[in-house]
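Please look over the sequence and the model below before reading on. The paragraphs that follow take the helices in turn and then turn to a few single residues.

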Amino acid sequence: MHLTRLPASIIIAGGGYIAVEFASIFNGLGVDTTLVHRGPNILRGFDDDVRAHVAEEMGKRGVKVLLGAQHQSISRAEDGHLVSRFTDGHQRDSEVVMFAIGREPYVQGLGLQNVGVELAPNGAIKVDEYSRTNVPSIWAVGDVTDRINLTPVAIREGAAFAETEFYARPTADYPGGRPPLKSRAGTEIYIKIDFSRRLYMRLQDIGEDADVKKLRAPTVTSALVKRLRVDIIEGSLAPGQRLKLNELGGRYGVGLVALREALCRLVANGLVLATDQKGFSVLGVSREDFLDLIETRVSIDSLALRASIEKGGVDWEAGIQGARHGLAKAGRGNELAERWETAHLSFHEALVAAAGSRRLLEIRRALADETARYRRLSLAFPGPRDIQGEHDAIAEAALARDAERACQLLAAHLRLPAEILLAAGFPHTDQEKQQ
Ligand SMILES: Cc1cc2nc3c(=O)[nH]c(=O)nc-3n(C[C@H](O)[C@H](O)[C@H](O)COP(=O)(O)OP(=O)(O)OC[C@H]3O[C@@H](n4cnc5c(N)ncnc54)[C@H](O)[C@@H]3O)c2cc1C
């Protein structure tokens, strides 16, 4: 972005830390600032308390935050202003519009393909834990590898590379893929936002009078609880899996005391099971519970979809088309990638966006979170599924306002992962698991 002078007003699209940072900077400079984000809250993937607190602080400081909306069109008015129209029907004028909706590795023109360096579908250079590509004389560190795109991570990857290659001390980027915990208070605050997502965030512009206590870095244990929780929900710790303390200690780079405490908290949350003599394991679900979860999700999603088909206007239709396009761009066969996961979430949210009930959508979101781990697990079983085809068919029925068909297709789509898992003998009951 190149600005020759400070604009009077700006609309920033995006809800990530870069969008939030720029919104705060412009607002601090006296620019009339609006942040518009398609999700229900900013800073997706970060700690919920921090998300809520940052949104509140931004609002108090005068940033207008529009959630659950995205750009549908931008046109120039006769007086030169830009007119943004959003999918939720809002319309806003501004002098400048800035999009902060993601970055892609810039590898064009390097000729990597000519020497056979493997790239991920989004152009990121594929490397192993020592930052080695598949070509023995070529390494890559930092954002271009699209691992964790943050400064301390890039620095650490560079240092690990030097240790390995120049000093013959093989050093992986981060033991367990995790940068060290760091916290500093003051006008520039580095905060470990969410251990589970392994992200740092610099909240430079929160200011001294913000309630810094609320933003303090979490303790090792509470951060670990969050990280374990995400790993359980995302399925990388599978239902029923034994949780061996030594293995977990190495994986998360923590001591046994913190680990035990974290696991005990997860027992209280109902995600982990503690058994005398046998220690801890991820709570499995009984078939009955599992089916109950899936069927509740089907009912709630269908209710929200039906209401959206009834009430949704042209913006809702545009939201579905946009989200469908985003999902197609995220790539067929890429269903375990974070980018696909985000696009998938947005697609399902776009379908129900016009339901007109915040509570209904919150319940739907919670159930979607809970079923996510099973959906991801089901992807481990190869089958003749055409996930993109399923999404397209649901979108087309919804756009054709055929509520009956759309709900039927959606129900089948939501039940399919469960059917795949049940056919594969999953889930075991908690009792079976312990035998
Ligand atoms: C607006 C914004 C705010 C951010 N805020 C934070 C934050 O608060 N905290 C945080 O931890 N991270 C933040 N980040 C992320 C952080 O900037 C990156 O993760 C980090 O800079 C990555 O370092 P890098 O060395 O991989 O890439 P870069 O810092 O991007 O460095 C790559 C360098 O390579 C050069 N280059 C590119 N192509 C070529 C070529 N063909 N030949 C030669 N040189 C080339 C570029 O000009 C650049 O100088 C932010 C990023 C952005 C965009």
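**Helix packing and backbone details**

Helices α11 and α12 are roughly antiparallel to each other, because an angle over 145 degrees counts as such and theirs is about 160 degrees. This is a predicted model. Helix α11 covers residues 387–399 and helix α12 residues 403–423, and their axes lie 8 Å apart. The crossing of α11 past α12 is left-handed. On the α11 side the contact is made by Glu390, Ala393, Ile394, Ala397 and Ala398, and on the α12 side by Arg405, Ala406, Leu409, Leu410 and His413.

His413 can also be related to Ile387, a residue of α11. The two are 26 residues apart in sequence, and their C-alpha atoms are 8.3 Å apart in space. Ile387 has 18 other C-beta atoms within 10 Å, so it is partly exposed; a buried residue would need 20 or more.

The loop between α11 and α12 holds Arg401. Arg401 has a positive phi of about 60 degrees, although it is not a glycine. With 12 other C-beta atoms within 10 Å, Arg401 is exposed.

Helix α11 has a further partner in α8, residues 314–330. The axes of α8 and α11 come within 11 Å and cross at roughly 170 degrees, and the two helices are therefore roughly antiparallel as well. From α8, the residues Glu317, Ile320, Arg324, Leu327 and Ala328 meet Gln388, His391, Ala395, Ala398 and Leu399 of α11. Ala398 thus appears in the contact with α8 and in the contact with α12.

Two other helices show how buried and exposed residues are arranged around an axis. Helix α2 spans residues 48–60, and its 13 residues should reach 18 Å at 1.5 Å a residue; its end C-alpha atoms are 18 Å apart, which agrees. Arg51, Val54, Ala55, Glu57 and Met58 are buried in α2. These residues lie on the same side of α2, because they cover an arc of only 165 degrees around the axis. They pack against α1 (17–28) and β3 (64–67). The other side of α2 carries the exposed residues Asp48, Asp49, Gly59 and Lys60. Just after α2, Gly62 takes a positive phi of about 105 degrees.

Helix α6, residues 256–268, also has 13 residues, and the distance from its first C-alpha to its last is 18 Å, close to the 18 Å expected. Its buried residues are Leu259, Ala262, Leu263 and Leu266. They cover an arc of only 100 degrees around the axis, which puts them on the same side of α6. Val257 and Ala268 are exposed, on the face of α6 turned away from the buried side.

One more residue has an unusual backbone setting for discussion: Asp146, in the loop between β7 (96–99) and α3 (151–166). Asp146 is not a glycine, yet its phi is positive, at about 50 degrees. Asp146 is buried, because 21 other C-beta atoms lie within 10 Å.

These details belong to a protein with 13 helices and 12 strands. Of its 435 residues, 34% are buried. Among contacts with a separation of 6 or more, 59% are between residues 24 or more positions apart.

Note on methods
Residues are numbered from 1 along each chain as its sequence is written. This is a predicted model: local features need pLDDT of at least 70, side-chain atom pairs count only at pLDDT 80 or more; totals for chains, interfaces and linings use all residues. Helices (H or I, at least four residues) and strands (E, at least two) are DSSP runs, numbered from the N terminus. The expected span of a helix is 1.5 Å times one less than its number of residues. The arc is that of the directions from the helix axis to the C-beta atoms. Axes are lines fitted to C-alpha atoms, for helices over the stretch in contact, and angles run from 0 to 180 degrees between N-to-C directions. Angles under 35 degrees count as roughly parallel, over 145 as roughly antiparallel, 65 to 115 as roughly perpendicular and the rest as oblique. A crossing is left-handed if the near helix is turned anticlockwise from the far one by less than a right angle, and right-handed if clockwise. Two residues are in contact if their C-beta atoms, placed from the backbone, lie within 7 Å.
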